[in-house]
Amino acid sequence: MEKVKMYQIEYEKPKVTLLQESGLGVAEIAARTCYDSFENSENACIKEAMQHLNRDAINNIDDSDLLANLAWVHHHHSIIEHATLSFLIQGTSRGVLQEHARHRLQAISVRSTRYTMSSVINAFVASLENEEGFIFFLDKILALHLFVISDREYLEIEIKAMYNKLMFQYKRDPDFITNAIAKSSLPFIEECKGDSETLYRAFEMGKKKRNVGDGFKHIVSDNWKVDMVVTFNIRSLKNYFDLRDSGAAWFQIQWLAQAMKEVTPKKYLKLIDKKYKNI
């Protein structure tokens, strides 16, 4: 992933992949249904849609004069809600997620911290068998590439805070280990006594503790990476790009909006972004 410095701290930018696009045909059919104007379409598959419905052709049209006219002349944007795009987003931050989720007209599925932080907890429990527990924990967490910040010196501070919080909890909670490790993996602790590396590998290969994040999510910061799949109709996507691909937006969500725009096909951008209007 591309790295960039902001305010003297190095970050990784997110990666975005377009998973699916609905095409423009349904939106044009919806518009022409309103006006009963199928005969005026420049797309033969739309013109003949009421007599012969060719769904493959309809879903693959590249332009629609009517949609462009409605979008830019009449600002009749409800029609373009029939066109949708789905994106796979990898490596944005939990801080961005909080802002991204404010855009309500989207479908969003996010990597769950509750279910997926077992490697972090495994590393901590294994570090208890090491005389240099923090160094062991640090190396394992760095290898997981959990953070949008890639600056090593900064990450040592971040990971030290995680370690200290877990150690604080460990010393207070007599049930820490049983809350952290699946029952079937508990025997590994005695079997690998004094060998943190072997114990960590055994934990990683064993069964994961269900909902492990419930007891330990307090260590998670806004710098943690998240992956998600989001689906927007292009009217909502226009609003997202207008607000988030803007100098007034936080730089991390600008990066996300820009990466999403880069993989959005131009036939959609022509209807929602003035810079592409006449391309």
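These notebook entries record what I looked up in a predicted model.

**Entry 1. Aromatic pairs**

I began with the ring pairs and found that the structure holds 17 of them. I took phenylalanine 232 and tyrosine 240 as one example: their ring centres are 5.3 Å apart and their planes stand at 50 degrees, a tilted pair. I then looked up the accessibility of both partners. Phenylalanine 232 has a relative accessible area of 1% and is buried. Tyrosine 240 is buried as well, at 0%.

My second example was tryptophan 250 with phenylalanine 251. Their centres lie 5.9 Å apart, and I noted the pair as edge-to-face because the planes meet at 65 degrees, the cut-off being over 60. Here I asked whether tryptophan 250 is buried, partly exposed or exposed. Tryptophan 250 counts as partly exposed, with 30% relative accessibility. Its partner phenylalanine 251 is buried, at 12%, which is under the 20% limit.

**Entry 2. A ring cluster and a lysine**

I next followed ring pairs from residue to residue. They join Phe124, Phe134, Phe137, Tyr163, Tyr170, Phe176 and Phe216 into a cluster. One of these rings, that of phenylalanine 134, has lysine 160 over its face, 4.5 Å from the ring centre.

**Entry 3. Helix 8 against helix 9**

Phe134 and Phe137 of the cluster reappeared when I examined the contact between helix 8 and helix 9. The two axes come within 10 Å and cross at roughly 120 degrees. I therefore recorded helix 8 as oblique to helix 9. The crossing is right-handed. On the helix 8 side the contact is made by Gly133, Phe134, Phe137, Leu138, Ile141 and Leu142. Helix 9 contributes Arg152, Leu155, Glu156, Ile159, Lys160, Met162, Tyr163 and Leu166. Lysine 160, which I had noted over the ring of phenylalanine 134, is thus listed in this contact together with that phenylalanine.

**Entry 4. Helix 7 and its surroundings**

I asked how many residues of helix 7 are buried. The count is 10 of the 10, so helix 7 is largely enclosed by the rest of the structure. The buried residues include Phe124, which also belongs to the ring cluster. I then asked what covers the buried residues of helix 7. The cover includes helix 6 (113-116), helix 8 (133-144), helix 9 (152-172), helix 10 (176-180), helix 11 (187-191) and helix 12.

Of these I examined helix 12 (residues 196-205) further; its axis comes within 9 Å of that of helix 7 (residues 118-127), and the two cross at roughly 150 degrees. That angle makes helix 7 roughly antiparallel to helix 12, since the class takes angles over 145. Helix 7 passes helix 12 in a right-handed crossing. In this contact, helix 7 uses Ser118, Ser119, Asn122, Ala123, Val125 and Ala126. Helix 12 meets them with Ser196, Leu199, Tyr200, Phe203 and Glu204.

**Entry 5. Leucine 70**

My last look-up was a single residue. Leucine 70 lies in helix 4 (residues 65-72) and is buried, with a relative accessible area of 3%. I asked which residues leucine 70 is in contact with, leaving aside its neighbours within four places in sequence. They are Ala31, Tyr35, His75, His76 and Ile79. For alanine 31 I also noted the separation from leucine 70: 39 residues in sequence, and 8.8 Å in space from C-alpha to C-alpha.

Methods: Residues are numbered from 1 along each chain as its sequence is written. This is a predicted model: local features need pLDDT of at least 70, side-chain atom pairs count only at pLDDT 80 or more; totals for chains, interfaces and linings use all residues. Side-chain values use heavy atoms; hydrogens and water are left out. Rings of Phe, Tyr and Trp (its six-membered ring) pair if their centres lie within 6.5 Å; planes under 30 degrees apart count as stacked, over 60 as edge-to-face and the rest as tilted. Buried means under 20% relative accessible area, exposed over 50%, partly exposed in between (1.4 Å probe, protein chains only). A charge sits over a ring if NZ of Lys or CZ of Arg is within 6 Å of the ring centre and within 35 degrees of the ring normal. Axes are lines fitted to C-alpha atoms, for helices over the stretch in contact, and angles run from 0 to 180 degrees between N-to-C directions. Helices (H or I, at least four residues) and strands (E, at least two) are DSSP runs, numbered from the N terminus. Angles under 35 degrees count as roughly parallel, over 145 as roughly antiparallel, 65 to 115 as roughly perpendicular and the rest as oblique. A crossing is left-handed if the near helix is turned anticlockwise from the far one by less than a right angle, and right-handed if clockwise. Contact means heavy atoms within 4.5 Å.
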